[in-house]
Amino acid sequence: MTKTLLAVDGNSLIHRAYHAGAASGTRTRDGRPTWAVRGALSQVLGACDRVSADAVVVGFDDATHNVRKTVHPEYKSHRAEKPADLVEQLALAADVFRDAGLHVVTPPGHEADDVLASAAAHADAAGWRTVVCTSDRDAFALITPTTSVLRLINGGVEASPVLTPERLRLMIGIDPAQYRQFAAMRGDASDNLAGIRGIGEKTGVALLAAFGTVEAAFADVDEHDGARVAAEVGKAVVRKLADPEGRAAYRRNVELMTMRTDLDLRLDLAASPCPGVLPLDATTLHRALAGAELDSLQWLAHRTLVSWDAEPPWRTSGARVALGVGPAPAAPPAALGPVAAAPAPVPAPAAAAEDDVLTLF
């Protein structure tokens, strides 16, 4: 049976959990904020269960240096400084996940997206399949027959779609290999990247459907005065594709949106034990969660990342004294039941109008 690597966008999950759980303001006894860490870990556990993960790698952005910003200073330059309690929880999450036994990677000068892309390439070479867990739609460019994307939306892991090439094609109208070009034309306001002025999602899809690539559409404008472009999407688009500033913006976006697939993640999927490869060591996992006072997740973490059948370390006679981690978690409610196997694939949704499709993202 083909094994599954769960590649997690740590920054994406922490940011979502930070805003979703801010009202709780949960902190440790010594004052450390933990609500985003708790929320993100819950999402990781849910994703592991849903896709039946055999290994987990978690990527985080390098907060001290970014090679993309060095080359293109405008990249993400409009973003406000992160709140101190968010910065603290990003660091704490990386420590907790690493201490628990997951494989955490913060690549020097690069971003979590680069970890996801490199992890998927590494897994594919090893004969594994990959499920990328993120709320960022840039990951759609990583979808292949062996890599799918669990795109987190409101409602949590169970309500979130797992996108394959067929489902992405149905939902947007393009192949995953075209997604980066689609995004580069459209631009990305969240990253402060303008696209080709006047070309939005509908026109972008129509161009890619007609020409296959944006460069082929540019060539029609240059060599045939845009005759085919005009026939497919209208004369106004010919002028937009001929604009030198629009072309420069498009090519800059493609450069910035291209993820690294060659990072050395120091990930050995064939080794056991190895960080990230399940099952994790029960005592190591318990210590890490107890240290951040995430005791409410101990049972679920043990049964998802270690074993449903193995006795948790705090249930062993004398183990609490040896572990030195305080009180053991309360027994789970009877309703918890065994961790369910990954659900059967959800049937592809019926075709929708283009406006409805595009607003899903």
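Here are four worked exercises on the predicted model shown above.

Some ground rules before we start: residues count from 1 along each chain as its sequence is written, and side-chain values use heavy atoms, leaving out hydrogens and water. Since the model is predicted, local features need pLDDT of at least 70 and side-chain atom pairs count only at pLDDT 80 or more, while totals for chains, interfaces and linings use all residues.

**Exercise 1: the sheet**

Work out the order of the strands in the open sheet, and how β4 sits in it.

*Solution.*
- Step 1. Helices (H or I, at least four residues) and strands (E, at least two) are DSSP runs, numbered from the N terminus. Two strands pair if DSSP finds at least two bridges between them.
- Step 2. Reading across, the six strands go β3-β2-β1-β4-β5-β6, with mixed pairing. At the edges are β3 (103–105) and β6 (162–163), each pairing on one side only.
- Step 3. Now look at β4 (residues 129–134). Five bridges tie it in parallel to β1 (residues 4–9), where Thr 4 is opposite Arg 129. Another five bridges link β4, again parallel, to β5 (residues 147–151); there Thr 130 faces Thr 147.
- Step 4. Check burial, where buried means under 20% relative accessible area, exposed over 50%, and partly exposed in between (1.4 Å probe, protein chains only). Five of the six β4 residues are buried, so the rest of the structure largely encloses this strand.
- Step 5. Over at β3, three bridges connect it in parallel to β2 (residues 55–59), and Val 58 is opposite Val 104.

**Exercise 2: one helix, two sides**

Find which residues of α11 (residues 235–242) are buried, and what they pack against.

*Solution.*
- Step 1. The buried ones are Val 237, Val 238 and Leu 241.
- Step 2. Looking down the axis of α11, they fall within an arc of 110°, so they line one face of the helix. The arc is taken from the directions between the helix axis and the C-beta atoms.
- Step 3. Flip to the other side and you get Lys 235 and Arg 239, both exposed.
- Step 4. With contact meaning heavy atoms within 4.5 Å, the buried residues of α11 pack against α8 (201–211), α9 (214–224), α10 (227–233) and α12 (244–257).
- Step 5. Follow up on α8: its buried residues include Leu 207, Leu 208 and Phe 211. Just after α8, Gly 212 has a positive phi of about 85°.

**Exercise 3: a helix pair**

Classify how α4 (residues 84–100) and α13 (residues 282–291) are arranged.

*Solution.*
- Step 1. Axes are lines fitted to C-alpha atoms, for helices over the stretch in contact, and angles run from 0 to 180 degrees between N-to-C directions. These two axes come within 7 Å and cross at roughly 160°.
- Step 2. Angles over 145 degrees count as roughly antiparallel, under 35 as roughly parallel, 65 to 115 as roughly perpendicular and the rest as oblique. α4 and α13 are therefore roughly antiparallel.
- Step 3. For the contact itself, Val 96, Asp 99 and Ala 100 in α4 meet Thr 284, Leu 285, Ala 288 and Leu 289 in α13.

**Exercise 4: backbone oddities**

Track down the cis peptide bond and the positive phi of Lys 76.

*Solution.*
- Step 1. The cis bond joins Leu 278 and Pro 279, with omega about 5°. Pro 279 is in the loop between α12 and α13.
- Step 2. Lys 76 is not a glycine, yet its phi is positive at about 60°. Its relative accessibility is 14%, so Lys 76 counts as buried.
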